[in-house]
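This briefing sets out the main features of the structure displayed here. It proceeds from the fold to individual side chains.

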Amino acid sequence: MADGVEFSLTGLDDLLGKLEGVSDDLRKKGGRTALRRASNIIADKARSNALRFDDPQTGRSVADNIAVRWNGKFFKRTGDLGFKVGVQYGAKLSRHPDKAVNSPTPHWRLLEFGTEHMAARPFMRPAADSSAGIAIDTFVTEYGKSLDRAIARARKKGVPP
């Protein structure tokens with residue numbers, strides 16, 4: 001049941017050339033910022049998709065619980081940068097009596113994946129699919145700017161990047 005979203009990046013020759021001239025520490029710092037901005041684009045699209053399901057009668061809002069989080073476990077395991085875009089409180093279906101603002105929305109996964117009695121009405125997967133190109137372009141642009149700043153700082157100090 002695990003659906004993966006895969007993307008292919010092309011046309012990054014300029015960005016890869018800049019990466020060779022920058023230290024590993026500077027790469028990861030700028031990459032993390034650029035990746036967060038790209039992840040926020042997908043999260044914003046998921047929020048707008050989730051607004052279709054939110055009930056104005058209760059304070060429970062799936063759109064308000066969509067968050068972007070740093071994936072530290074992935075980074076420690078592989079050394080690669082990663083962010084997670086998802087719904088806060090995960091897939092817990094515990095009984096939570098609170099229906100106030102910012103309370104858990106355990107029903108989000110029933111909407112996303114469906115049940116045997118209800119068809120799926122996904123909002124996360126279409127957000128990733130439809131905004132992937134924009135997110136990739138944002139990442140490349142922001143990361144390129146970050147690398148340019150890092151190279152300029154290194155030259156200004158007289159230290160090789």
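A polar contact is a pair of N or O atoms within 3.5 Å; within protein, one atom must be able to donate a hydrogen and the other to accept it. The backbone oxygen of Asn-49 and a polar atom of the Arg-52 side chain lie 3.0 Å apart. The model under discussion is a predicted one. Its protein chain contains five helices and two strands, and the topics below cover the fold, the nonpolar core, an aromatic cluster and the surroundings of Arg-52.

**Overall fold**

- Along the sequence, the secondary structure elements of the protein chain are arranged as α-α-β-α-β-α-α.
- The protein chain has 161 residues, of which 34% are buried.
- Among contacts in the protein chain with a separation of 6 or more, 61% join residues 24 or more positions apart.
- About 10,500 Å² of the protein chain is exposed, and carbon and sulfur atoms contribute 53% of that area.

**Nonpolar core**

- The largest nonpolar core comprises 15 residues, and the members that touch the most others are Ala-50, Ile-66 and Phe-123.
- Two or more residues of this core come from each of α2 (24-50), β1 (66-70), β2 (83-87), α4 (108-113) and α5 (124-157).
- The greatest contribution to this core is that of α2, which supplies three residues.
- Apart from its neighbours within four places in sequence, Ile-66 contacts Ala-43, Ala-46, Arg-47 and Ala-50, together with Gly-86, Val-87, Phe-123 and Met-124.

**Aromatic cluster around Trp-70**

- Four aromatic pairs are counted in total.
- One of them is the tilted pair of Trp-70 and Phe-75, with ring centres 5.4 Å apart and an angle of 55° between the planes.
- Trp-70 is partly exposed, since its relative accessible area is 23%; Phe-75 is likewise partly exposed, at 27%.
- Trp-70 also pairs with Phe-83 in an edge-to-face arrangement, at 5.3 Å centre to centre and 70° between the planes.
- Because Trp-70 belongs to strand β1 and Phe-83 to strand β2, this pair ties together parts that are 13 residues apart in sequence.
- Phe-83 is classed as buried because its relative accessible area is 14%, below the 20% limit for that class.
- Trp-70, Phe-75 and Phe-83 together make up one aromatic cluster.
- The ring of Trp-70 additionally has the charged end of Arg-32 over it, 3.8 Å from the ring centre.

**Surroundings of Arg-52**

- Arg-52 is located in the loop between α2 and β1.
- With a relative accessible area of 56%, Arg-52 is exposed, as the threshold for that class is over 50%.
- Beyond its neighbours within four places in sequence, Arg-52 is in contact with Pro-122 and Phe-123.
- The C-alpha atoms of Arg-52 and Phe-123 are 9.0 Å apart in space, although these residues are separated by 71 residues in sequence.
- Phe-123 also appears in the core, where Phe-123 is one of the members touching the most others, and among the contacts of Ile-66.

Key
Residues are numbered from 1 along each chain as its sequence is written. This is a predicted model: local features need pLDDT of at least 70, side-chain atom pairs count only at pLDDT 80 or more; totals for chains, interfaces and linings use all residues. Side-chain values use heavy atoms; hydrogens and water are left out. A nonpolar core is a set of buried Ala, Val, Leu, Ile, Met, Phe, Trp, Tyr and Cys residues joined through side-chain atoms within 4.5 Å. Buried means under 20% relative accessible area, exposed over 50%, partly exposed in between (1.4 Å probe, protein chains only). Helices (H or I, at least four residues) and strands (E, at least two) are DSSP runs, numbered from the N terminus. Contact means heavy atoms within 4.5 Å. Accessible areas come from the Shrake-Rupley method with a 1.4 Å probe; for residues, only the protein chains shown count as cover. Rings of Phe, Tyr and Trp (its six-membered ring) pair if their centres lie within 6.5 Å; planes under 30 degrees apart count as stacked, over 60 as edge-to-face and the rest as tilted. A charge sits over a ring if NZ of Lys or CZ of Arg is within 6 Å of the ring centre and within 35 degrees of the ring normal.
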